[in-house]
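Colleague: I would like a close look at a single part of this model, the largest pocket. Please go through what lines it and how the surrounding fold is arranged.

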Amino acid sequence: MKLVLAVVQRQDAGELLDALTAQGHRVTRISSEGGFLREGNVTLLIAADDQQIENLLKSIREHCYTRTRYVSPLPPVAESGEFYPPAPVEVQVGGATIFVLKTDTVARLS
Ligand code: 2BA
């Protein structure tokens, strides 16, 4: 048994969630935020059997896209009052960042 944590972009999360639940996975969606861009993203928690992991990763690959973002670095402190806005830096985000953790037990208590 594994616990998969998948950090995905918000734009991809809905369709991925639909696909995973249609395949019979139990999924928890958590709103999260990337530490670098400080933008909202989504972290999915999915507990699955070892033999399901390959298909699970395939589905994530199929529904998550790499996108280009441009980030403006902070301008340097001006010494002479002149201001040179720094050029935006290109950043490639996604498809998904995935952590696969060994899990001993998944218990649903009632
Ligand atoms: P963010 O931290 O907002 O990062 C967004 C994108 O910015 C990253 O895309 C990467 O291209 C770039 N980036 C991040 N840190 C950087 C740095 N120190 N210097 C230069 N560029 C940097 P991804 O790598 O696809 O990551 C997308 C999101 O996945 C991240 O959003 C974060 O929420 C999560 N993530 C990525 N790696 C992680 C890790 N090792 N541990 C935990 N979360 C991670």
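**The largest pocket and its surroundings**

Modeller: Five elements, β1, α1, β3, β5 (89-93) and β6, each supply at least two residues of the lining of the largest pocket. The model is a predicted one. The space in this pocket comes to about 350 Å³. Its lining counts 20 residues, and those nearest the centre are Gln9, Leu37, Glu39, Asn41 and Val93. Sorted by class, the lining holds 10 polar, 7 nonpolar and 3 charged residues.

Three of the contributing elements, β1, β3 and β6, belong to an open sheet of 4 strands, ordered β2-β3-β1-β6 with antiparallel pairing. At its edges are β2 (27-33) and β6 (96-102), each of which pairs on one side only. From one strand to the next, the twist averages 20°. Within the sheet, β1 (residues 2-9) and β3 (residues 40-48) run antiparallel and are joined by 8 bridges. Valine 8 is placed opposite valine 42 of β3.

Helix α1 (residues 10-22) packs on this sheet, where it touches β1, β2 and β3, and its direction makes about 20° with that of β3. Helix α2 (residues 53-63) lies across β1, β3 and β6 and runs at about 5° to β1.

Strand β3 also takes part in the second largest pocket, giving 3 residues, the largest share of that lining. The volume of the second largest pocket is about 160 Å³. Among the residues that line it are Leu3, Arg26, Leu45 and Arg108. By class, this second lining divides into 6 nonpolar, 2 charged and 1 polar.

Key. Residues numbered from 1 in each chain as written. Predicted model: local features only at pLDDT ≥ 70, side-chain atom pairs only at ≥ 80, totals over all residues. Heavy atoms only, no water. Pairing = 2+ DSSP bridges. Axes fitted to C-alpha atoms, helices over the stretch in contact; angles between N-to-C directions. Contact = heavy atoms within 4.5 Å. 1 Å grid on protein atoms, 1.4 Å probe; cavity = no way out; pocket = protein on both sides within 12 Å on 5 of 7 lines; lining within 4 Å. Points joined across faces, edges and corners; volume = space filled by probe spheres on them. Nonpolar A, V, L, I, M, F, W, Y, C, P; charged D, E, K, R; others polar.
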